[in-house]
Amino acid sequence: MSASPSNVVVANGITRQFGEGDTSVHALRGIDVCIPSGELTAVMGPSGSGKSTLMHILAGLDKPTAGSVHIAGTEITALGDTELTKLRRRHIGFIFQFFNLLPMLTARENVLLPLTIAGAKPGPGWFDELIGRVGLTDRLTHRPAELSGGQQQRVAIARALVSRPSVVFADEPTGNLDSTTSGEILALMRSSVEEYGQTTVMVTHDANAAAMADRVLFLADGQIVQELPRSSPRDILLAIEKLGIR
Ligand SMILES: Nc1ncnc2c1ncn2[C@@H]1O[C@H](COP(=O)(O)OP(=O)(O)OP(=O)(O)O)[C@@H](O)[C@H]1O
Ligand SMILES: [Mg+2]
């Protein structure tokens with residue numbers, strides 16, 4: 001697998017072992033994966049199969065035990081903290097299941113935080129466009145505690161998108177939301193791919209969510225065991241059943 005410009009992320013031979021000896025856990029057992037530009041990639045698999053571990057390693061939040069990760073052409077696993085922080089700021093957005101907003105900041109301040117830290121400002125019109133797209137125009141002065149779960153996740157999505165990163169990772173972005181709100185958030189994730197060409201990798205347990213993706217990767221026991229192109233919820237459920245990884 002090569003680091004061609006059409007692949008925003010290229011990972012080779014990723015392993016991740018937690019702990020040593022008898023109690024050690026092999027969370028990832030040799031993952032090769034490329035994330036093509038401008039696509040939505042879904043990652044599915046049973047609890048404990050290594051989905052979050054993989055997201056964290058691809059996003060530079062954790063280091064693999066072995067293997068390499070290229071983000072936008074740069075090998076990140078050997079970077080020092082300062083360089084990695086700079087690269088992450090420029091190239092990576094991350095959306096967590098539990099939002100991870102700063103409680104003392106308003107919605108506006110939370111969204112702008114990645115730019116504020118970098119001493120930057122959004123391009124003209126971009127902040128208003130983005131806030132309109134995520135539907136937060138009349139909520140910008142509220143703090144997270146004054147927002148619903150869906151609104152908090154909208155803030156987190158806008159925060160991930162505001163710096164126009166090369167790739168956004170979302171780890172079960174709807175895992176903490178009711179089904180109606182989940183549908184809205186998923187539509188938003190899809191529209192950021194359509195409208196902004198935002199390369200996105202999303203972990204989900206939901207076949208309907210995965211059916212919105214251009215590609216679905218299935219993880220089991222720390223390995224990628226299957227890959228589907230854009231598929232119907234039915235075909236995704238059938239694949240899960242065949243793999244016996246429910
Ligand atoms: N910090 C850690 N220390 C020890 N073991 C860990 C650590 N993080 C994850 N693991 C283990 O690695 C394996 C993979 O965990 P991971 O969180 O990646 O799974 P997951 O697919 O995201 O599961 P879920 O669907 O429940 O979120 C599990 O066996 C887990 O217990
Ligand atoms: Mg997880």
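**Notes on the ligand site, the sheet and the empty spaces**

1. Let's start at the ligand. Ligand 1 has 13 residues around it, and the ones that come nearest are Ser 47, Gly 48, Lys 51, Ser 52 and Thr 53. Keep in mind as you look that this is a predicted model.

2. Three of those neighbours are worth clicking on for their side chains. Ser 47 puts a polar side-chain atom 2.5 Å from an oxygen atom of ligand 1. For Lys 51, an N or O atom of the side chain is 2.7 Å from an oxygen atom of the ligand. Ser 52 has a polar side-chain atom 2.9 Å from an oxygen atom of ligand 1. As for cover, ligand 1 on its own has 640 Å² of accessible area, and the protein covers 59% of that.

3. Where does the shell around ligand 1 come from? Two elements each supply at least two of its residues: strand 2 (25-36) and helix 1 (51-58). Helix 1 gives the most, with three residues. Sorted by class, the shell has seven polar, four nonpolar and two charged residues.

4. Now the sheet, which is handy for finding your way around. It is an open sheet of four strands, with antiparallel pairing, and the order to trace is 2-1-4-5. Strand 2 sits at one edge and strand 5 (74-75) at the other, each pairing on one side only. Strand 2 may ring a bell, as it is also one of the elements that supply the shell around ligand 1.

5. Walk across the sheet pair by pair. Strand 1 (residues 7-18) runs antiparallel to strand 2, and the two share nine bridges. To find your place in that pairing, look for Thr 15, which stands opposite Arg 29 in strand 2. Strand 1 also pairs with strand 4 (residues 66-71), again in the antiparallel sense, over five bridges. Here the spot to look for is Val 9, opposite Ile 71 in strand 4.

6. Ile 71 is a useful residue to stay on. Besides standing opposite Val 9, Ile 71 has Thr 74 as its bridge partner in strand 5. Strand 4 and strand 5 are antiparallel and pair over two bridges. They form a hairpin with two residues between the strands, and Ala 72 takes a positive phi near 45° there.

7. Next, the largest pocket. Its volume is about 450 Å³. Which residues lie nearest its centre? They are Arg 88, Ile 92, Pro 114, Ile 117 and Arg 159, out of a lining of 16 residues. The lining takes at least two residues from each of helix 2 (81-91), strand 6 (92-95), helix 3 (107-117) and helix 5 (149-161). By class, it divides into nine nonpolar, four polar and three charged residues.

8. There are closed spaces to look at too: the structure holds two cavities of 30 Å³ or more. The largest cavity has a volume of about 40 Å³. Its lining is made up of Ile 95, Ile 157, Leu 161, Val 168, Leu 188, Met 189, Ser 192, Gln 198 and Thr 200. Helix 5 and helix 6 (179-196) are the elements that give two or more residues to this lining. Helix 6 gives the most, with three. How many charged residues line the largest cavity? There are no charged residues in that lining, which has six nonpolar and three polar ones. Helix 5 turns up twice in this tour, since it also supplies at least two residues of the lining of the largest pocket.

9. The second largest cavity has a volume of about 30 Å³. Around it you will find Ile 57, Gly 60, Asp 62, Lys 63, Pro 64, Ile 76, Thr 77 and Leu 84. By class, that lining has four nonpolar, two polar and two charged residues.

Notes:
Residues are numbered from 1 along each chain as its sequence is written. Chains are lettered from A and ligands numbered from 1 in the order in which they are written. This is a predicted model: local features need pLDDT of at least 70, side-chain atom pairs count only at pLDDT 80 or more; totals for chains, interfaces and linings use all residues. Side-chain values use heavy atoms; hydrogens and water are left out. A residue is near a molecule or strand if one of its heavy atoms lies within 4 Å of it. A polar contact is a pair of N or O atoms within 3.5 Å; within protein, one must be able to donate a hydrogen and the other to accept it, and residues adjacent in sequence count only if both atoms are side-chain atoms. Accessible areas come from the Shrake-Rupley method with a 1.4 Å probe; for residues, only the protein chains shown count as cover. Ala, Val, Leu, Ile, Met, Phe, Trp, Tyr, Cys and Pro count as nonpolar, Asp, Glu, Lys and Arg as charged, and the others, Gly among them, as polar. On a 1 Å grid over the protein atoms alone, a cavity is a set of points where a 1.4 Å probe fits but cannot get out, and a pocket is an open set with protein on both sides within 12 Å along at least five of seven lines; lining residues have an atom within 4 Å of a point. Grid points are joined across faces, edges and corners, and a volume is the space filled by probe spheres set on the points. Two strands pair if DSSP finds at least two bridges between them.
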